[in-house]
Every structure is written in C-alpha cells, then in structure tokens.
Amino acid sequence: MAEPMSCPKCKAPLESHMISEGVVVFHCPSCFGALYETEDLGVPLNAAGSKPSGCACPRCRKPMETLTAYEGMLEVDRCTECAALWFDAGELQILRRLSGKEDLVKKRAAAAKPAGATKKTTMDEPAPVPPEMSGMRNIDEIRSPTIELDGRVYHHFQTSVPVTTSVLGEFPWIAKVGDTARMRDFISPPYLLSHEVAEKESTWSAGEYLEPEEVWTAFALPGSPPPKTGVSPAQPNPWADQVPSILVSFALAAAACVGAYLYFASTASQAAVFEGGFSVAAAEPERSRVTEVFEVKGRVSNLQVKLDTNLDGQWASIGMALIDADTDRALDFGRDLSYYHGYEDGESWSEGSARSTFYVPSVHPGRYYLRVEPETDSPALSFRVAVTRDVPLTRLPLIALALLALPVVWAVMRRDAFEGSRWMESDHPRSSAGDDDEDDE
Amino acid sequence: MSRWYRFYAFSIAAACVWALYTGWWITPVERVSGVPKSVRDNPGSYRSHYSGHHRYYGGK
C-alpha cells in the first residue's frame with residue numbers, strides 16, 4: 001500500500017483533487033500549498049536560477065530546489081528527480097498575474113494522468129482546492145466542505161477572490177490597490193468562520209450574527225435599526241428550532257388520534273338495530289311510512305344508515321326522522337339519490353347511484369322508530385333501510401391527521417424558504433429539487 | 001409557533017377522540033322536539049323538516 005504524501009512545508013497529509021479532465025493536483029488542506037505535475041502547467045515559468053530548497057518532494061522524497069522565475073518575482077519549488085512543482089499558498093495567483101493567463105492548467109486526456117493519481121490520499125472529506133490554485137473552476141462549488149471547530153460543524157458558504165479597489169483609513173498592514181486574497185466563508189448559524197489567504201498570510205476570523213437591536217443597544221444609537229432585508233449568511237433560522245418541536249407535537253397528537261381510532265374500532269359493537277323494506281307507488285297520496293320500534297343500546301354513538309333503492313333512470317329524495325318512542329324528540333335527516341345510465345356515441349355512461357350510506361351522529365341509547373317519506377319520479381319505488389349502531393369512521397382520524405399536518409407543512413416550507421434565501425447567494429444555491437450537493441454534482 | 005401548535009395539536013387530538021367516542025360526524029341532522037304521539041298511527045301527522053325541499057331532475 002502506498003504511503004500517503006505529506007506536505008513538504010507543514011507535513012500535513014495531502015489530498016488529491018481532479019481539477020479538470022485528466023489533471024490531478026495534490027493540495028495541502030493546512031497551508032494551502034499545491035503539488036502540480038510540470039506537464040500540467042500550461043504557462044512557462046521562465047526560471048532563471050535555482051538553489052536548494054531544503055524540502056523533500058512529497059512524491060519521490062528526493063530533494064527539491066527553489067526556482068527563481070519572472071526576474072525574481074516568483075519562487076517555486078521543483079523536485080530534482082520527478083520535476084513536480086510545489087506552489088505555496090498565493091504563488092499561483094502571482095504566476096497568474098505575471099504570466100497574464102487566467103487558466104494555468106494545460107488540458108490533457110484523462111489517460112495521461114499518473115497512475116493512481118485519482119485516488120484520494122488521506123482524509124475522507126478533503127478540503128477543497130481554492131480557485132486560484134485550480135486554475136479551472138472553484139472546487140468549493142462542486143463540493144460542500146465542512147469544518148469542525150469547538151463542537152460545531154461549519155458548512156462552506158462561499159469562496160471568492162476580492163480585489164482591493166480603493167484604500168481609505170489606517171491599516172496595521174500595507175494595503176494597496178490591486179491586492180487580492182482568497183476568501184472562504186463557512187457558517188454554522190449564528191457563527192461564521194472566514195479564511196483569508198493572501199500572498200504570504202493566512203488569516204482565520206470568527207464571527208457571530210447579532211440582531212440589529214443588539215447592535216443598536218450596544219452602541220446606544222438613537223432611534224431604532226432599519227428593518228432587516230434578505231437573509232444574512234449566519235442569520236439563525238427562526239423556524240429551524242421550532243420544526244423539531246412541532247414534529248414531536250405532531251407525532252404525539254397523530255399517535256393519539258390513530259391509537260384512539262384503533263381502540264374504538266376494535267371495541268365498536270357495529271350492532272344491527274333495524275333492517276326493513278318499503279315500497280311506494282306513484283299513485284299513493286300518502287307516501288310516509290313508519291317502522292316498528294327498535295332499541296338502540298349502549299353509550300352515545302353514531303348510526304350508520306344504508307339505503308338501497310331500485311332507482312333506474314330516476315331520482316328519489318328520502319326524508320327520514322328517527323323518532324324517540326318515549327319522548328317527543330326526533331332527529332330529522334334525509335338523502336337524495338339518483339341513478340341514470342345509458343349508451344351514447346359509442347360509450348356507456350352512468351351518473352349517481354341507487355345506494356347511499358350515511359351516518360347519523362351522536363344518537364343516545366333508547367327506543368326509536370323511523371319515519372320515512374320518499375319523494376320520487378319513480379312510478380314504483382322500493383327501497384331497503386339498514387341501520388347499524390356504533391360504526392367506526394376511518395375518515396375521522398384521517399381528517400385529524402390532515403389538520404395536524406397542515407401547520408407542519410407550512411412550518412417546514414417556511415424553514416426551507418429561509419434556508420433557500422440564505423444559500424441563494426452562496427456557492428451552493430438550493431433548489432426546490434433537493435440537496436444542493438446533488439444539484440451541483 | 002411551537003407552543004401554539006402544541007395547543008392546536010392537543011385540541012385536534014382531543015376533538016378526534018371525543019368524535020370517535022360519541023360517534024360525531026358532519027352529517028346535517030336537525031334535532032327537533034314536539035313530535036306528536038300519533039305519528040306511529042298516522043305517519044302523515046308529522047312532516048320531516050327534510051321533506052318537501054328536495055327535487056332532483058338530473059341525468060344526462
């Protein structure tokens with residue numbers, strides 16, 4: 001098994017990255033140096049001299065030499081054996097500026113790359129190669145690197161190469177127009193880490209998002225802060241903390257609804273309390289009928305009423321009253337039915353139904369009889385009525401679950417919309433299709 | 001929001017359990033009183049509130 005390559009400067013394990021078709025560089029995640037094959041470099045170094053560098057080549061362990069290029073403005077380490085080039089952080093940017101070429105990498109076929117070069121050398125999740133090192137594109141865009149610090153996981157937000165266009169005020173360093181640096185921002189709201197790499201300097205900064213009111217109060221500013229617009233990279237998502245709590249409440253309430261349904265469904269009596277048939281002729285002046293008295297036992301429960309008619313190309317409106325045989329109280333209800341069918345333009349059609357099932361809610365135990373009064377255009381309507389007590393309704397828990405889910409969906413959408421706004425300006429914009437990594441890759 | 005939702009979820013669950021226990025459903029039912037005792041002997045002596053309001057002339 002090949003020994004992992006180490007950085008010639010800081011000894012950190014190197015990571016491999018394919019930066020374009022057939023071109024692999026080895027990158028130090030600690031000091032951000034990078035190892036290139038000489039043949040991969042698409043610009044001349046114009047080296048004028050060399051001296052021993054004191055470093056060993058990460059690949060073949062042979063001594064490296066320091067080349068002086070571009071009239072002493074650039075120094076690059078090169079292996080005396082395999083001619084691999086080592087660029088310290090910022091040196092590629094200098095080479096880009098001196099050579100006048102933005103793209104430093106020579107394109108070549110994948111087959112030409114060194115054997116085993118695509119294999120990741122060490123860590124599972126390598127740090128990205130900064131854009132000025134890749135010479136092709138920002139690898140942070142196609143990866144989503146993370147950093148762990150103080151128990152927090154910071155996600156890469158953006159990599160940029162800002163340029164100093166004007167200088168105003170005093171600085172503890174020499175600030176010049178045209179200075180460039182590579183900025184990488186990582187976020188773990190409300191915290192933010194920024195990494196700035198200049199030619200000879202690497203600086204990490206930690207920040208924390210503060211609400212405008214806190215800043216206003218801290219500086220004792222008059223009035224109130226301006227209203228917030230947009231979403232800051234490290235701004236805490238107000239919905240992120242609420243969604244888990246809402247989901248827990250949803251789960252508990254949904255379990256209660258489903259559990260109650262299962263309990264009542266398993267203990268429901270579903271007892272038939274009445275079944276009978278009726279016939280009504282069109283010529284009859286009085287079409288109302290009453291049934292024998294039947295008893296509804298047990299606790300308060302629903303009554304399922306099933307109507308089965310002989311309608312065929314007719315309609316019927318059946319008014320019903322469940323009358324308490326011992327008091328003067330009644331429950332009035334009814335049902336409209338119609339059933340039509342035919343054959344037209346080569347297709348058969350049907351509309352309505354000759355049967356209907358419905359539920360009379362919350363019927364107290366007692367002795368009852370039914371009064372039915374049909375109206376119909378049928379010359380001879382006959383129908384059967386079947387009444388069953390205490391029938392569990394599956395629709396109840398389903399409606400409850402839907403009502404419970406609506407605010408959850410709303411809260412999740414609000415949370416995701418907030419994150420969408422946050423990441424819109426990043427290197428990993430999120431789409432509604434799903435994860436940003438999947439979108440980008 | 002989470003506190004409001006906790007209350008809301010508890011209310012929905014309680015309403016669901018109550019509806020399952022009492023057999024409540026949304027069927028429009030009118031509870032009436034004063035039904036004459038003679039209905040069993042003379043069904044026409046009582047007119048349901050539901051009767052006489054519905055006509056359907058559907059069909060293709």
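Q: Which residue in E7(A) does Leu35(A) stand opposite?
A: In this predicted model, Leu35(A) has Trp86(A) standing opposite, in E7(A).

Q: And how many bridges join strand E3 to strand E7 there, and which way do the two run?
A: Strand E3, residues 34–36 of chain A, is joined to strand E7, residues 85–87 of chain A, by three bridges, and the two strands run antiparallel.

Q: What sheet are they part of, and in what order do the strands come?
A: Both belong to an open sheet of seven strands in chain A, where the order is E1-E2-E3-E7-E6-E5-E4 and the pairing is antiparallel. From one strand to the next, the twist averages 35 degrees.

Q: Which strands stand at the edges?
A: The edges are taken by strand E1 (15–20) and strand E4 (47–56) of chain A; each of them has a single partner strand, so one side of each is left without a neighbour in the sheet.

Q: Switching to cysteines, how many disulfides does a search of the whole structure find?
A: The search finds zero disulfides over all chains.

Q: What about Cys60(A), then: how far is the closest cysteine sulfur?
A: The closest cysteine sulfur to that of Cys60(A) belongs to Cys79(A) and is 3.2 Å away, which is too far for a bond because a disulfide here needs the two sulfur atoms within 2.5 Å.

Q: Are Cys60(A) and Cys7(A) buried or exposed?
A: Cys60(A) counts as partly exposed, because its relative accessibility is 24%, whereas Cys7(A), at 1% relative accessibility, counts as buried.

Q: OK, pockets next. How much space lies in the largest pocket?
A: The largest pocket holds about 650 Å³ of space. It is lined by 23 residues, and the closest to its centre are Trp173(A), Asp179(A), Thr180(A), Glu196(A) and Ala198(A).

Q: How do the residues of that lining divide into nonpolar, polar and charged, and which strand gives the most to it?
A: The lining of the largest pocket has ten nonpolar residues, six polar ones and seven charged ones. Strand E12 of chain A, residues 202–208, gives the most to this lining, with three residues.

Q: One last residue: where is the place of Glu102(A), and is Glu102(A) buried or exposed?
A: Glu102(A) sits in the loop between helix H1 (91–99) and helix H2 (131–134) of chain A, and with a relative accessibility of 60% Glu102(A) counts as exposed.

Q: How far apart are Glu102(A) and Val43(A), in sequence and in space?
A: Glu102(A) and Val43(A) are separated by 59 residues in sequence, while in space they are 9.9 Å apart, C-alpha to C-alpha.

How values were computed
Residues numbered from 1 in each chain as written. Chains lettered and ligands numbered in written order. Predicted model: local features only at pLDDT ≥ 70, side-chain atom pairs only at ≥ 80, totals over all residues. Heavy atoms only, no water. 1 Å grid on protein atoms, 1.4 Å probe; cavity = no way out; pocket = protein on both sides within 12 Å on 5 of 7 lines; lining within 4 Å. Points joined across faces, edges and corners; volume = space filled by probe spheres on them. Helix = DSSP H or I, 4+ residues; strand = E, 2+ residues; numbered from the N terminus. Nonpolar A, V, L, I, M, F, W, Y, C, P; charged D, E, K, R; others polar. Buried < 20%, exposed > 50% of the residue type's maximum accessible area, 1.4 Å probe, protein only. Pairing = 2+ DSSP bridges. Axes fitted to C-alpha atoms, helices over the stretch in contact; angles between N-to-C directions.
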